[in-house]
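Open the model in your viewer and keep the sequence panel visible. The stops below go from one selection to the next.

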Amino acid sequence: MARLVRVHTRVLKEAEKTLQQGKGSQKVVASLYARGQSRIDALLKEWGFSRTTVGQVIEEKLLVAIEELNSQLYDVLGKLDYMHEDGAAALGDLMLEHAHHPQGFFLKEDAFIRLLHKNPPQKIMQLRACASIDELIAKEDVMHIGAALRFVEDGEWLNSVFFSAYAELTPDDFEERPIRIIPLDASWEDAAAHFVQKKYHNISHLKELGVIFIIPTSRAFQGQFLRTVLLLLHYINEVSFYSSLFRSAAGRVDTFAQECMSLLRGDVLEDKAKLPAHSWLIDQRYLEKGNENDWRLFVPRVNPEALHWMRAERMLQEFSVSYPMLAATLSTWKDSSWLGDFFPSGQGGDELVSFNIIDASMSLVREKDGVVYRYHVLEALWNAIFMQAMGEETMDQLIRENIIRGYITL
């Protein structure tokens, strides 16, 4: 298990001891490991494989299974043209209905317009041939302008100039309203092409505005429908999670703006010396994407992102209630976000195989490039270790209470 989570056995034993002292649960790691091995063995048996099967063969089978789910889901949800405006709107409405139309605590539209006036987005104005911010606002939906900030404006300007004005926000600038999923019209496609190419998907979000947006695109990826559904469900969970943190921060007026900015940046503790012994780091990102040798990847941690993905996968499973024909295909992925193990590589060593549905879905999208994703399972496994001892509800609560300082001490 220590090898799976990429730490020395001593580190994992200390992490387990901390959890045992926090709750009194015994054999946390051994119990979880046995449960995971049992699940993997059942899948291998169902597929006619064994522990000696080459990892690449298992990964190929996982891609076949994820492609089958992608096809079935596309069919039962009405073969929506989700890559363009009308179909994307229908898919967004369907996902919000499935999530029971969640509400949140978000930045008011007039407050956001005030921020736009303070630092007008020059590139968007130029793109839309507008001489002033008032002309742009009269011409475009304000939420579309907010979305365009993510893919039209320069990232450095966004972080150093535009977002710096958030320091002036107060709780009065926020209000309760529903989460929205909005499709952008085709006129944004060319401007967003580089964003879609870089991300390999056409969906993003604005936590502070409670908006998830879908960019129109003609660029098709294998397995894209399932990944789109998963992303929408993930962002619904993520936006709801951060909304609750904004709402909580509103009770601390003096630090409200600073807390909101920290949350929007996704701050993670930078100084290792500031992480107390026997603590669990809170990692708001997938740090491995930036640097696989980041010191924070070698300490016990919990990850809100992995929690949102786990809940998205759970919401996906719920489609089998309305669409029983999906039940058998979905069963392969039930509670699989933390499942992974090493199998022979066929070249004298072994390799990690991830049974995580997000890893599999993204690997299918990038199959032609020969890219295999394995990092989602790592963070999900750390979460699973924590939840094995403390439970999901307690982990969620402890993350919310401690996310600003960046670690949990039990």
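Which residue in S10 is the bridge partner of Leu281? Select Leu281 and look across to S10: the partner is Tyr407. Keep in mind throughout that this is a predicted model.

**First stop: the sheet around S6**

Widen the selection to strand S6, residues 279–282, and to S10, which pairs with S6 in the antiparallel sense over 3 bridges. Another pair of residues to pick here is Trp280 and Ile408, the latter in S10, which stand opposite each other.

Now add S7. Its pairing with S6 is parallel and runs over 2 bridges. Within that pairing, Ile282 stands opposite Val302 of S7. With S7, S6 and S10 shown together, you have an open sheet of 3 strands in that order, with mixed pairing. The edge strands are S7 (301–302) and S10 (407–409), each of which pairs on one side only. For orientation, strands of a sheet pair through backbone hydrogen bonds, either parallel or antiparallel.

Are the residues on the two faces of S6 buried or exposed? Show the side chains of S6: Ser279 and Leu281 lie on one side, Trp280 and Ile282 on the other, and all are buried, so both faces of the strand are covered. This agrees with the general pattern that in a regular strand the side chains alternate between the two faces of the sheet.

**Second stop: Leu307 in H13**

Select helix H13, residues 304–317, and pick out Leu307 within the helix. Leu307 has a relative accessible area of 1% and therefore counts as buried. Which residues does Leu307 touch, leaving aside those up to four places away in sequence? Display Asn383, Glu392, Met395 and Asp396 to see these contacts. For a distance check, pick the C-alpha atoms of Leu307 and Arg39: the two residues are 268 residues apart in sequence and 20 Å apart in space.

**Third stop: H16 and H17**

Select helix H16 (residues 357–365) together with helix H17 (residues 375–390). Their axes lie 7 Å apart, and the helices pack at an angle of about 175°. That angle makes H16 roughly antiparallel to H17.

To see the contact, show Ile358, Asp359 and Met362 on the H16 side, and Tyr375, His376 and Val377 on the H17 side. By class, this contact has 4 nonpolar, 1 polar and 1 charged residues.

**Fourth stop: the sheet around S5**

Select S3, S5 and S4. These 3 strands form an open sheet in the order S3-S5-S4, again with mixed pairing. Strand S3 (180–183) and strand S4 (203–206) each have a single partner strand, so one side of each is left without a neighbour in the sheet. Neighbouring strands here are turned by 25° against each other on average, direction ignored.

Zoom in on S4 and strand S5 (residues 211–214), which pair in the antiparallel sense over 4 bridges. In this pairing, His205 stands opposite Ile212 of S5. Then add helix H4, residues 85–98, which packs on the sheet and touches S3 and S5. The direction of H4 makes about 170° with that of S3.

**Last stop: two cysteines**

How many disulfides does the structure hold? The count is 0. Two cysteines to select are Cys130 and Cys260. Cys130 is buried because its relative accessibility is 8%, and Cys260 is buried too, at 5%.

Conventions: Residues are numbered from 1 along each chain as its sequence is written. This is a predicted model: local features need pLDDT of at least 70, side-chain atom pairs count only at pLDDT 80 or more; totals for chains, interfaces and linings use all residues. Side-chain values use heavy atoms; hydrogens and water are left out. A disulfide is a pair of cysteine sulfur atoms within 2.5 Å. Buried means under 20% relative accessible area, exposed over 50%, partly exposed in between (1.4 Å probe, protein chains only). Two strands pair if DSSP finds at least two bridges between them. Axes are lines fitted to C-alpha atoms, for helices over the stretch in contact, and angles run from 0 to 180 degrees between N-to-C directions. Angles under 35 degrees count as roughly parallel, over 145 as roughly antiparallel, 65 to 115 as roughly perpendicular and the rest as oblique. Contact means heavy atoms within 4.5 Å. Ala, Val, Leu, Ile, Met, Phe, Trp, Tyr, Cys and Pro count as nonpolar, Asp, Glu, Lys and Arg as charged, and the others, Gly among them, as polar.
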